[in-house]
Amino acid sequence: MGAGLILGLSLLASHPAHAADALRPGLWETSIKLKLHNMPQIPDEQLQQLEMLGIQLPVGNQPMTVLQCLTPEQARLDKPIVPANDQGCVIRNYRHAGKQVNGDVVCSGSLQGTGKFSMQVQSDTAFTGQLTAQGTSNELGPIDQTTDFSGRWVQAACNADTPTFP
């Protein structure tokens, strides 16, 4: 799955609201950790070298951390939040029941594949989740991945430069 889709799916889990089964609007910090199956893992030494160059990958022992602003409408968890035009990927069978959010991912662009995601709302200020996906990327070839993600609410006000997905 593309980095944007990984980010978007992990952030779709970060829809806020003020009920026990939704999240709070505002600024959220999401940690994303990617595990690629059947592919050589990048050694910790190489990850450290990349990090010294200012490049962070959501693989290895260090998760990638991103900020996202969530609107009150997104907070209700009524529909997924994904980046626009992300490799022809769409969310199907989206379900939000109580503290659980689940769905399927189908990609038919430069990335051909399918996946499933689930998220658990811990409270209106925290969530955890996982995305599993398999397919083929024009750039990377075969893909088999598991992405673990978690989020925490930071504050009610968002910075002007913090992304908000449609």
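Is T147 buried or exposed, and what is its relative accessible area? T147 is buried, with a relative accessible area of 1%. The model described here is predicted.

## Strand β7 and T147

T147 lies in strand β7, which covers residues 141-155. The side chain of T147 is joined to that of Q145 by a polar contact of 3.2 Å. With a value of 1%, T147 is called buried because the limit for that class is under 20% relative accessible area.

Strand β7 pairs with strand β6 (residues 126-137) in the antiparallel sense, through twelve bridges. The two strands form a hairpin, with three residues between β6 and β7. Within this pairing, T132 stands opposite T146 of β7.

## Pairing of β1 with β7

Strand β7 also pairs with β1; these two strands are antiparallel and share ten bridges. Strand β1 covers residues 26-36. Across this pairing, E29 stands opposite R152 of β7.

E29 and R152 also form a salt bridge, in which the closest N and O atoms are 3.1 Å apart. This salt bridge links distant parts of the chain, since E29 is in β1 and R152 is in β7, 123 residues apart. Both ends are partly exposed: E29 has a relative accessible area of 23%, and R152 has one of 43%.

T30 is also placed in strand β1. At 0% relative accessibility, T30 counts as buried, whereas E29 is partly exposed. The C-alpha atoms of T30 and L67 are 6.3 Å apart in space, with 37 residues of separation in sequence.

## Other salt bridges

Side chains of opposite charge can pair when their charged atoms come close. A search of the whole structure finds four salt bridges, and the pair E29 and R152 is one of them. Two others are described here.

K116 and D104 meet through their side chains in a salt bridge, with an N to O distance of 2.9 Å. K116 belongs to strand β5 (residues 111-123) and D104 to strand β4 (residues 100-108), and the two residues are twelve apart along the chain. The ends of this salt bridge fall into separate accessibility classes: K116 is exposed at 53%, while D104 is buried at 14%. K116 is classed as exposed because its value is over 50%, and D104 is classed as buried because its value is under 20%.

D78 and R76 form a further salt bridge, the closest N and O atoms being 3.4 Å apart. D78 counts as exposed, at 55% relative accessibility. R76 is partly exposed, with a relative accessible area of 45%.

## Helix α3 and P72

P72 lies in helix α3, which spans residues 72-75. At 48% relative accessibility, P72 counts as partly exposed; the class is not exposed because that would require a value over 50%.

Which distance separates P72 from P25 in space, C-alpha to C-alpha? The distance between P72 and P25 is 5.2 Å, although the two residues are 47 apart in sequence.

Technical notes:
Residues numbered from 1 in each chain as written. Predicted model: local features only at pLDDT ≥ 70, side-chain atom pairs only at ≥ 80, totals over all residues. Heavy atoms only, no water. Helix = DSSP H or I, 4+ residues; strand = E, 2+ residues; numbered from the N terminus. Buried < 20%, exposed > 50% of the residue type's maximum accessible area, 1.4 Å probe, protein only. Polar contact = N/O pair within 3.5 Å; in protein donor to acceptor, adjacent residues only side chain to side chain. Pairing = 2+ DSSP bridges.
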